[in-house]
Amino acid sequence: MKLHIATGVLLFFMTGCDGVPDADVVARAGKFQLTRDELLASITYSSPEDSLTASAIYIEDWKDLASLYQLALEEGADEEPEVDMLIEKAARHIVVQRYIAGRMENAEKEGVYAVDSSEASAFYQEFSDSFLCSETVYAVSRYYASTPQSASRIENALRLYDGDEQRLQQLIESIEPGYAGNNRRVPPVRSLRSLEQLHLENDAMKEVLPTLLPGELSSVITVHDSLFVVMEMHDRVKKGSKKTFEQAYDEIEELLIVQKQKHYYSTLLGEAREKYQ
């Protein structure tokens with residue numbers, strides 16, 4: 001949030017808003033415009049649902065900041081002696097952040113953070129007790145439909161699944177094209193999440209979820225009058241049980257990648273210190 005504000009203030013001082021096509025503008029406040037590109041560059045999300053929430057929050061923050069900024073300009077706040085120093089400070093932070101992000105992105109492309117199975121296996125053996133589940137976790141796919149009839153067709157397609165993943169995905173998308181972006185099967189075994197992390201839409205889904213065994217489908221569940229869902233259980237680990245290596249692999253890989261990223265950053269910082277300090 002602080003970085004977004006600093007970035008926004010700096011951009012307000014340094015750029016104008018003329019010449020932006022209306023189709024690219026997602027919000028306005030006085031003479032300032034928020035473009036679609038800026039919005040997408042300023043939010044992070046893990047699902048289409050999260051993107052809507054993140055966009056709404058950012059737009060409201062942006063409008064408030066733009067309004068306050070223009071009010072401050074009217075009252076001459078930009079003429080205070082410290083303003084230029086603060087802008088320069090914000091600019092340094094932004095340039096450094098973008099530089100680090102670019103270097104780390106290139107390192108990723110070059111395979112610097114790659115994790116092989118032997119590394120992951122060694123980590124699991126050393127820290128296997130860390131993968132005891134304090135609560136039950138699930139790997140579950142959700143398939144949404146706008147009518148109960150479409151949801152039933154999706155359920156039937158899943159029950160008749162013959163192993164052709166691409167064909168199944170195309171069939172589900174053809175049944176309910178409006179939810180094509182949502183109706184994606186999670187990889188089996190992977191994507192284990194707690195009940196809270198799943199963000200299920202209503203109590204009916206929360207009640208059905210624990211009753212499903214791996215490989216089972218729910219019947220059609222009503223979310224509201226124009227939204228229906230079928231859940232498919234791929235895997236689960238009960239509270240107090242330990243994840244297998246396969247079940248824990250994604251988590252291990254993420255931890256090892258973070259370790260390698262921290263090491264890369266420390267190396268980069270060391271180079272800068274050696275050269276300029």
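User: Before turning to this model, how should the word "partly exposed" be read?

Analyst: A residue is called buried under 20% relative accessible area and exposed over 50%, with partly exposed in between. The structure shown is a predicted model. In this model, Glu80 has a relative accessible area of 48%, so Glu80 is partly exposed.

User: Where does Glu80 lie, and which residues form the negative surface patch?

Analyst: Glu80 is found in the loop between helix H3 (48-74) and helix H4 (82-109). The negative surface patch consists of Asp78, Glu79, Glu80 and Glu82.

User: How are the strands of a sheet held to one another, and in what order do the four strands stand here?

Analyst: In general, strands of a sheet pair through backbone hydrogen bonds, in either a parallel or an antiparallel sense. Here the four strands make an open sheet with the order E4-E3-E6-E5, and the pairing is antiparallel. Strand E4 (193-194) and strand E5 (221-224) are the edge strands, each pairing on one side only.

User: How many bridges join E3 and E6, and which residues are partners?

Analyst: Strand E3 (residues 137-145) pairs with strand E6 (residues 227-237) over nine bridges, in the antiparallel sense. Among the partners, Ala145 is matched with Phe228 in E6, and Tyr138 with Arg236 in E6.

User: What joins E5 to E6?

Analyst: A hairpin connects E5 to E6 through two residues. The two strands run antiparallel and are joined by three bridges; one of the partner pairs is His224 with Leu227 of E6.

User: Is E6 mostly covered or mostly open?

Analyst: E6 is mostly covered, as eleven of its eleven residues are buried.

Technical notes:
Residues are numbered from 1 along each chain as its sequence is written. This is a predicted model: local features need pLDDT of at least 70, side-chain atom pairs count only at pLDDT 80 or more; totals for chains, interfaces and linings use all residues. Side-chain values use heavy atoms; hydrogens and water are left out. Patches are made of residues with over 30% relative accessible area and no salt bridge: like charges are joined within 9 Å, nonpolar side chains (Val, Leu, Ile, Met, Phe, Trp, Tyr) within 5 Å. Accessible areas come from the Shrake-Rupley method with a 1.4 Å probe; for residues, only the protein chains shown count as cover. A salt bridge is a side-chain nitrogen of Lys or Arg within 4 Å of a carboxyl oxygen of Asp or Glu. Lys and Arg count as positive and Asp and Glu as negative; His and the chain ends are not counted. The place of a charge is taken as NZ of Lys, CZ of Arg, CG of Asp or CD of Glu. Buried means under 20% relative accessible area, exposed over 50%, partly exposed in between (1.4 Å probe, protein chains only). Two strands pair if DSSP finds at least two bridges between them.
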